[in-house]
Structures are given as structure tokens and as C-alpha cells.
Amino acid sequence: MQFGNFEIHFLSDGLFKLDIGAMFGIVPKPLWEKERQSDARNRMQLTLTVPLIRAGSHNIILDCGIGRKWNAKQRDIYDVQEHPNLLDSLVSVGLKPADITIVIHSHLHHDHTGWNTQLNAKGEPEPTFVNARHIVQKLELESARHPNEIQRGTYLRANVEPIRAGGGWDPFDDNREIVPGITVFHTGGHTAGHSAVSINSGGQKAMFLADLFPTTTHRHLPWITAYDEYPMETLEAKRRLFRECVEHNALVLLNHDPNACAVRLQAAGEKFEAIKEC
Ligand SMILES: [Zn+2]
């Protein structure tokens, strides 16, 4: 879609599944099952939408899916299919990995950093987007490089260290304007260094809140995943950012909702409603 002077495309890295109870944290099943169903293994179908912003000479992606470096056991756990994937999706808009100039990382969990690397003929991970700067909150990169027992399953060396070896990381503190109109800023909550992206052009505003708002069902402020390391921070970030989105009638880009890639939020008293845009 045209968005001011930018173009926004919604690329896809396919689908995967996560434990549905974990996706809704403390919220009991009788509440979430009105909107979301689980499979026989108690998993929720999620999508891996990757927003692409074409801004002048820049091709910018917001996170990069779950990738395809998975072994058979991991594929089974997360139900990751080979196709479609992000590289197929890039071809569909006439781009190849070398055309990506900037990867903005909301955070470095495995379902957001998968295509940072792919396996070469020797089976070693090497950078996929060879001409890209990888923008990341410094605190997030530190967490990913030194994960604790809780984080180790999701901060994968294979998605992080080859970028470091190639000099591809471009860390920042707090917030930074990446190109005129596109700013990344710290939110915390989901992870210590989790960040969101504000996209502004021609009087329009879009926001990518990443895993603070993974699906429309998470429009309820206290519906926060069990994966969130700092849920009280998530709660306050959602309250503040949802209000900002309503105030500016922002297009809110979603990465994990199988039924919607973008919504607009409306205030309904203390609550919020999500109106599907695509
Ligand atoms: Zn995620």
C-alpha cells in the first residue's frame, strides 16, 4: 500500500504455532476461547508477517521471521513449513535479500530473527541480508548475546553471532530516527530491550508494536503473553501507545495475527477495539 511517500508491503515467512495458554498469560481459557482456538496439541496458529517499507533508496524490513534453520524436532514443535517463506515473499515484490538495506529489530527472539542467517553448503549459518545494517536496542543485543536459562531457547547464537562477525549490528540506546520519518524507540516489557517503530509520512502515522500487540485478541490491556519478561512494563507501554495510536488514527502493523496484518485502534471507554484494515 502507498503510505505517504513510502510504500508498505506485508511480506510473509509463513505460519508457526505456539502454546495457546502461554500466548494469553494469566487470562483463563473460558475468556480467550471465544476468539481463538487451539489444535490437538494445545497450540495456537500464528503468522509471521514481515512489514517491508520502501523509502527512497531504502528497503527496510521490520524483523525477519522464524527462518528455516530448524531441525525435524523443532519443526514439529513449532509446526514450521518450508514454504512459503520470507525469501519467496521477497521475490513476489521483485526483491532479493541483497536489496534489503536495513533490518529494524523489535527484539531478538527466534521468531523475529530467523532470516538474519541461513545455512551455507557446509551447514554453517551466514548472513542472509548481506548489504543490510541491523538496527537493534543495545540492551537487547546484550541480552541475546548472554542469555539466561529462561532466554536460552529463544535467543539463538546462530541468529546473532554471524551478524556480529560480519559487522552488521548497528546498536542504539533508547531511540533513533533511522531514515527521515521512521523512528525506533525503546518500550521494554516483552523483553528488556524490546522496541517499537513509528512510521510517519505525508501526515499519516503507522506503528509497529511487535510483540506488545501480537494479535488483535491482545487489544485488551492485561492480555499479555507469558513470554513477556516484564509484564507490568508491557501493560504501561500498551496503555500509552494504544492511546497514541488512537489519537493519531495510526495504522497499527501486526506480525502474528493470521486474520489481520494491520488494524486501527478505537477507544471504547477504558478499553480498545481493533478495526481490521488488511
Ligand atoms: Zn514473536
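In which loop is the place of glycine 56? Glycine 56 sits in the loop between β3 and β4 (58-62), where helices (H or I, at least four residues) and strands (E, at least two) are DSSP runs numbered from the N terminus. The structure is a predicted model, in which local features need pLDDT of at least 70, side-chain atom pairs count only at pLDDT 80 or more, and totals for chains, interfaces and linings use all residues. Residues are numbered from 1 along each chain as its sequence is written.

**The chain as a whole**

The protein chain contains seven helices and 16 strands. Its radius of gyration, taken over C-alpha atoms, is 18 Å, close to the 19 Å that the globule rule (2.2 Å times the number of residues to the power 0.38) gives for 278 residues, so the chain is as compact as a globular protein of that length. Along its principal axes, the C-alpha trace spans about 55 × 45 × 35 Å.

A residue is called buried if 20 or more other C-beta atoms lie within 10 Å of its own, exposed if 12 or fewer do, and partly exposed in between, with C-beta atoms placed from the backbone. By this rule, buried residues make up 42% of the 278 residues.

**The core and helix α7**

In soluble globular proteins, nonpolar side chains tend to be buried together. A nonpolar core is here a set of buried Ala, Val, Leu, Ile, Met, Phe, Trp, Tyr and Cys residues joined through C-beta atoms within 7 Å. The largest such core has 67 residues, and those with the most contacts inside it are Val103, Ile104, Met207, Leu209 and Val252. Strand β3 (residues 43-55) gives the most to this core, with six residues. Two residues are in contact if their C-beta atoms, placed from the backbone, lie within 7 Å; in this sense methionine 207 touches Ala196, Ser198, Leu241, Cys245, Ala250 and Val252, not counting residues up to four places away in sequence.

Leu241 and Cys245 are also among the buried residues of α7, together with Thr234, Ala237, Lys238 and Phe242. These buried residues cover an arc of only 125° around the axis, which puts them on the same side of α7; the arc is that of the directions from the helix axis to the C-beta atoms. An α-helix has 3.6 residues a turn, so residues three or four places apart point the same way. On the other side of α7, Met232, Arg240 and Glu247 are exposed, while the buried residues pack against β12 (195-201), β13 (204-208), β14 (251-253), β15 (262-268) and β16 (271-276).

**Backbone features in the loops**

Most residues other than glycine have a negative phi, and most peptide bonds are trans. The table lists residues with a positive phi.

| Residue | Phi | Place |
|---|---|---|
| Aspartate 63 | about 65° | loop between β4 and α3 |
| Alanine 210 | near 50° | loop between β13 and α7 |
| Asparagine 249 | about 50° | just after α7 |

Aspartate 63 counts as buried because it has 29 C-beta neighbours inside 10 Å, and alanine 210 is buried as well, with 27 other C-beta atoms within 10 Å. The peptide bond from histidine 83 to proline 84 is cis, with omega near -5°, and proline 84 lies in the loop between α3 (72-78) and α4 (86-92).

Glycine 56 counts as exposed because it has 10 C-beta neighbours inside 10 Å. Although glycine 56 and phenylalanine 6 are 50 residues apart in sequence, they are 7.5 Å apart in space, C-alpha to C-alpha.
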